[in-house]
Amino acid sequence: LKEAKENKRTVLFLDAAHFVHAPFVGFVWCLTRIIIKSPSERQRFNVLGAINAISLELITVVNTTYINANSICVMLKKIKKQYEGKTITIILDNARYQKCKLVMELATVLNIELLYLPTYSPNLNIIERLWKFVKNDCLYSKYYDNFAKFKQAIILSLKETQTKKKERLKKLVALNFQTFKKAA
């Protein structure tokens, strides 16, 4: 991250979010019972995202099927094209489809360093904060009567993180990590 701040390296945090067209209940205190509408289907909208640690620029690959090793390969190629000529490090979790031979070989060919986070440490992947932001922004306590509107709301929220919601996102996705000195 120090090299990224000095513009010597591009560091991206990568992860997928799987948004299900279902109720996202927010928090409400009320004296009367409230019935929340819910869609009848349970379709998924998958977003594979990579966020630049410094500029917060977002690159996405979306689909309604599955995120798999092929999706990661498409993302790696998009990242390489976007940051051609730069040293690239991608920080990601240990999902099986991200750590497979196909992905690792392509990363080597593209000269992209893959840095895997320790198991069960989503708090170290800043893109998790983006997914929480998107859910809060456009899904919690909102009803979309069809899947197209649901997808459009997510796409719009992601797009606006690069424009009018960027300042809010900056505060949330800051590189604030608690560090500890090694015990003697």
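Tutor: Let's start with a rule: the expected span of a helix is 1.5 Å times one less than its number of residues. Keep in mind that this is a predicted model.

Student: What makes the span of helix α2 agree with that rule?

Tutor: Helix α2, residues 69–82, has 14 residues, so it should span 20 Å, and its end C-alpha atoms are indeed 20 Å apart.

Student: What is there at the start of α2?

Tutor: A side-chain oxygen of Asn68 comes to within 3.0 Å of the backbone nitrogen of Asn70. A polar contact needs N or O atoms within 3.5 Å, so this pair fits that cut-off.

Student: Which residues of α2 are buried, and what covers them?

Tutor: The buried ones are Ala69, Ser71, Ile72, Cys73, Met75, Leu76, Ile79 and Lys80. Their cover includes β1, β2, β3, β4, α3 and β5.

Student: Why is strand β1 called mostly covered?

Tutor: Buried means under 20% relative accessible area, and nine of the eleven residues in β1 (10–20) are buried.

Student: How do you know that β1 pairs with β2 and β4?

Tutor: Pairing takes at least two bridges. Nine bridges join β1 to β2, running antiparallel, and four join β1 to β4, running parallel. So β1 pairs with both, by that definition. For instance, His18 stands opposite Asn46 in β2, while Leu12 stands opposite Ile90 in β4.

Student: What makes β3 and β5 edge strands?

Tutor: The open sheet has five strands in the order β3-β2-β1-β4-β5, with mixed pairing. β3 and β5 each pair on one side only.

Technical notes: Residues numbered from 1 in each chain as written. Predicted model: local features only at pLDDT ≥ 70, side-chain atom pairs only at ≥ 80, totals over all residues. Heavy atoms only, no water. Buried < 20%, exposed > 50% of the residue type's maximum accessible area, 1.4 Å probe, protein only. Helix = DSSP H or I, 4+ residues; strand = E, 2+ residues; numbered from the N terminus. Contact = heavy atoms within 4.5 Å. Polar contact = N/O pair within 3.5 Å; in protein donor to acceptor, adjacent residues only side chain to side chain.
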